[in-house]
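Opening the notebook on a new model today. I want the overall picture before I zoom in on a single spot.

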Amino acid sequence: ILERSLSNEIVNARPEHFVVFVSSQMRDGVLAAERQAAIDAIDSQPWHRAWAWERDAAAGPYSSEEVCVGHAAASDALVLILADDLTKVTAMEYRAAKQAFVPCFVLLKDGASRTELAEKFVTRVRKHAVTANFDNVAEVKTQIRDALRTYALRLHRGSIAKARLDRS
């Protein structure tokens with residue numbers, strides 16, 4: 001019953017758009033321009049809406065870590081922007097999304113001097129997530145639009161192929 005209830009919630013009780021969680025280091029506004037570019041790129045796509053802390057979190061007596069990790073796990077996709085450092089919360093958001101089978105798109109800033117932790121993360125992620133490099137905010141927008149479109153097309157075409165196999 002719980003499985004059926006969860007499945008029903010995921011399919012029927014969500015907003016009428018594809019929710020894409022935006023994840024990155026936020027401390028000191030180091031990736032503020034890239035985050036805004038990601039939000040703009042996601043929101044510019046039909047049926048898509050970005051969820052970003054700076055725009056969508058409501059004030060209240062709760063932990064930002066708990067809210068962000070929960071939204072990452074409940075979203076339809078996650079876009080993670082990585083420059084030099086992988087924060088604890090960003091890593092938790094990514095892990096929560098992966099455990100919930102949420103597709104993850106990781107954007108890597110060219111020329112970044114990544115910490116050892118961030119480099120290890122990139123090595124692991126390349127095995128099972130879509131990754132792309134970017135040099136500026138225009139490339140962030142292009143990479144996100146291309147990734148979302150390609151993902152939707154592959155998912156759609158895969159469902160057609162599965163239906164044809166099931167029919168045979």
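My entries below go from the whole chain down to one helix and one residue.

**Entry 1: the whole protein.** I'm working from a predicted model here. I looked up the secondary structure and got seven helices along with five strands. Walking along the sequence, I read the order as α-β-α-β-α-α-β-α-β-α-β-α.

**Entry 2: burial and surface.** The protein has 168 residues, and 35% of them count as buried. I also pulled the accessible surface, which comes to about 10,100 Å². Carbon and sulfur atoms account for 55% of that area.

**Entry 3: contact range.** I took the contacts between residues at least 6 apart in sequence, and 72% of these join residues at least 24 apart.

**Entry 4: helix H2.** Next I went to H2, which runs over residues 32–43. Does its length add up, and what span should I expect? With twelve residues at 1.5 Å each, H2 should span 16 Å, and the end C-alpha atoms are 16 Å apart, so the two agree. I then listed its buried residues: Glu 34, Arg 35, Ala 37, Ala 38, Ile 39, Ala 41 and Ile 42.

**Entry 5: Glu 34.** Glu 34 sits in H2, and I wanted to know why it is on the buried list. Its relative accessible area is 8%, and the cut-off for buried is under 20%, so Glu 34 qualifies. Which residues does Glu 34 touch, leaving aside neighbours within four places in sequence? I found Ile 81, Lys 109, Phe 134, Val 137 and Val 140 in contact with Glu 34.

Methods: Residues are numbered from 1 along each chain as its sequence is written. This is a predicted model: local features need pLDDT of at least 70, side-chain atom pairs count only at pLDDT 80 or more; totals for chains, interfaces and linings use all residues. Side-chain values use heavy atoms; hydrogens and water are left out. Helices (H or I, at least four residues) and strands (E, at least two) are DSSP runs, numbered from the N terminus. Buried means under 20% relative accessible area, exposed over 50%, partly exposed in between (1.4 Å probe, protein chains only). Contact means heavy atoms within 4.5 Å. Accessible areas come from the Shrake-Rupley method with a 1.4 Å probe; for residues, only the protein chains shown count as cover. The expected span of a helix is 1.5 Å times one less than its number of residues.
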